[in-house]
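Hi,

Here's the structure I promised to pass on. Have a look at it first, then read my notes below.

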Amino acid sequence: MSAPATHFNEDARRVAPDTRHRGIIQTAMGKYEVVRDQRKLLFQDWQGARNLAARTKFEAVNHLDTHLAEFARNIEARGTKVHWASNAEQARNIILGILRDKQAKVIVKSKAMTSEEIHLNDAMEHAGYEVVESDLGEYIVQLRKEPPYHLVFPAMHLTRGEIKDLFQKKLNDAPSDDPEALTMVARRALRKKYLQADVGITGANFAIAETGIISITENEGNARLTAALPKTMITLVGIEKILPRLEDLALFLPMLAVMGTGQALTCYNTMYGGPRQPGEADGPEEYHVVLLDNQRTTLLADAEQRDALGCIRCGACLNVCPIFRNVGGHTYGTVYGGPIGSVITPHLRGLQQWKHLSYASSLCGACTETCPVKIDLHHHLLQNRRNASAPTTGKPSFLQKLAFKIFAPVANKPALWSLTTKLSRIGMKLRGLVNGSAIDPAQAWTKTRDLPPIAKQSFREWWKEQGK
Amino acid sequence: MSERENIFNRIREALTVEAHSHNGTGLPTTAEHRGVMPPVGASEDERFALFAKNASDLKATFKLVKDAGELTAELRALRDTEKWQRVATHKSPLAQTHAIGLGLPTLVTDDGYDKHDMEQCDVGISVCDALIAQTGTVLVTSRNSGGRALSCLPPHHVVIARREQLVADLPAAFAMVKKIYSANYPSMISFITGPSRTGDIERILVLGAHGPKKLTIFCL
Amino acid sequence: MTVSLFIPCFVDLMYPQVGISMVRIFERLGHKVAVPKTPACCGQPAFNTGYWDESRAIGVPMLEALKDADAVVIASGSCGAMMSVFYPQLFAGTPHEAAAKAVAAKCFEFSSFLVNKLGVTDLGAKFPHKVTFHDGCHGLRELNNKRPPRELLAKVKGLELVEMGAAETCCGFGGTFSAKFPAISTAMGEVKCASALETKADYIVSCDSSCLMQIQGLADKQKKGIKTIHLAEVLAQS
């Protein structure tokens, strides 16, 4: 078993039975589900919208070379410096180079999962910069020295009481556990940082090819301020975030809001096309866009699962996933959690190391059903399992293969099945002696669940007796 | 070989294997977008009503004012109740005249400003590029609304719009942006939908996370 | 019409009454029932674990055994999905591709066969209990089988259906998943049971004995006092 698999199993065993954790997540998700469904109903045809979104992403991803070149050309024309990074290390070095060049001291960041992916904060802090996350949830988990729990709700696993204690300890400022009062504590603390910061770093939700514009979706205004006040702005964006046309946002912005947070439109949807332009009152003097591959082209090469590059990181698949809701966001040990993370992490970071995530699913398909861009998520988990076990693409387990090899003739030959039926009855009786104990061969099941007995007469035995 | 070329080579190599679409192909038309999205009503009155409802749901304030005089009175009332001390605005006949009319120290962004000074302002007064009925959105740009910070840094953002600036829906808003700016885009285009908010603590709504706690839209 | 029944391995061994009920129902409707000499299993465990060669070793004789059937009724939504949705994928690009598509087209989950194929909803059944319905995930999302079981239950005399909040939430069975990740599987089962208990129903009804094995197993171990029953058994009661 790989180290990440061991970690996953240990954490899952600890978190899944934790009814307090389960309660917090269920309450938060319950609120989300109500507003999400109200918003979906306002659409004239939600399923039709999903089709259009999937079609748009199909065009974007399957002509990525053309669109990406167009995007770079257009945004460069407005004085933006575009950088290309094949992997995480290159992206970190590009950004550290800009910080050095600008003699920066304080860096303010708005939420960017891509920066988690390349471990940017660690690298910047290691190089001596002060780095401040400005999204409230990100700020909270940064103070706790924890990764975000969820793509959209980074601190959803924490109660107001825990956040109050955190603010008291770290900021010495926590008047009460009222969410509004706590939010104002963060507002005061971060206002100072915006004014001090030399460089602002953002992620991006979309990159529009035909106009050369980055689109950022947020509710708090923290990305707006990150992009407005520091003299240098950097946007780190995965190459798959391309949309062909500006008007595609007319569909994607509301769909992202509905699925992400249950809003009709998120509070700020802002498009950035360059540094401060002639005649503008403010804005950064320099704008850098770092385009990141980091194995996205590996996923692109898998035509069967290429649609996963259409992901808009709305988090909707996590929200409906019964695995996520029971093991929580940290158990995955990945940047991208939930179903989408289980699908793409093996492509981004290695199949053998991360295949366990594809098995840690009941294949219920709730993710696929909800995905606004119709990624075939749970079927991709099946394909990952196939790829992990096939002799050509993976490493089959000798024991599992043997078990299925023996099972096939048993299932296929009526005489052998009949014998198995009889032997199972005896085995069942013997197992009954140790039922549920540590030496019960079915212990994985029987520790928490009863197992029904083998019937006195099986269906096939009954049918034979009917003589039809 | 540059990293740019390396990335493009990998993309082109990957795309030599064709993927199959389960959802049809070709980019959707605006008519297709409109066919699935939330309806907006046919008449101008219905759209104003929709904008007003959306603004109210978003906890923004939306007021139709009949003339400049009424607008001045409304702004003065806000100044007095909220005890404004300093105002930020930009060079635009509508916004600047009304801001100056408040008789308070006024920061005008276009002349260049110190961000610390703007942070001390109680209100940012700006015009906008459009109002969007479908979502209750105010559309501002760095070129026409006094830069990037004015609509986000002060705790109250007051927007002065003209009645004819109301557009029906998001497709219309994007079509308008393209029509006006395609030769030369401003560096920032922002769709503002209600005052700043967060739900990061127990999914409970709090207004004014980092941006304005209040958004007031006056429509002449 | 001759209805060919496929009774999956675990139903055969542990829930024979489900298969027997189906035989009785089809005979009552005037159809001839056949039980072709198929493999005992559809091959889903190997398929879902990623061992597609081993799954095909069962699938090939299955295709052969069913090639002459008029219509195949499968006593499980999950195995039904395997045969009507996943066989074509499993055999794509192999010499058996056409046969897999042909068999897939005539495979039906029990409730959808009654409602969509035979056009029958009222079987004259009587079951004077309050019940809640659990949608098995494969039946619901692979086979789009939301409506048929409810239409059938609506016609059962004396039966009151109370929907639970988590009707469409997975029970946590998931085949080998339930044994590979018992803690997660159990937590999911607990969420399911809690939602069912809120309805104060006497029975949880489903089209999938595998889900019911998970739910009943958990309910019994934790003494939750709720019973489970397969839809076919409800419909066979008079």
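**What I found**

Let's start with a sheet in chain C, keeping in mind that this is a predicted model. The sheet is an open one made of four strands, arranged β6-β5-β7-β8 in chain C, and the strands pair in parallel. At the edges you'll find β6 (160-161) and β8 (227-230) of chain C; each has a single partner strand, so one side of each is left without a neighbour in the sheet.

Now zoom in on β5 (residues 130-134) and β7 (residues 203-206) of chain C: these parallel strands are joined by four bridges. If you want a pair to click on, C:Phe133 has C:Val205 in β7(C) as its bridge partner. There's also a helix packed on this sheet, namely α12 (residues 209-221) of chain C, which touches β5, β7 and β8 of chain C. The direction of α12 makes about 170 degrees with that of β8(C).

Over to chain A, which is divided into domain 1 (1-42 + 305-396), domain 2 (43-294) and domain 3 (405-466). The centres of domain 1 and domain 3 of chain A, taken over C-alpha atoms, are 32 Å apart.

How many residues does each chain bring to the contact between A and C? Chain A gives 49 residues and chain C gives 49 residues. Several helices of chain A supply at least two residues each to the side that touches chain C, including α1 (3-15), α20 (377-389) and α22 (414-432). The biggest giver on that side is α21(A), with seven residues. Sorted by class, the side of chain A that touches chain C has 26 nonpolar, twelve polar and eleven charged residues.

Cheers

Key:
Residues numbered from 1 in each chain as written. Chains lettered and ligands numbered in written order. Predicted model: local features only at pLDDT ≥ 70, side-chain atom pairs only at ≥ 80, totals over all residues. Pairing = 2+ DSSP bridges. Contact = placed C-beta atoms within 7 Å. Axes fitted to C-alpha atoms, helices over the stretch in contact; angles between N-to-C directions. Domains from an automatic or database assignment. Nonpolar A, V, L, I, M, F, W, Y, C, P; charged D, E, K, R; others polar.
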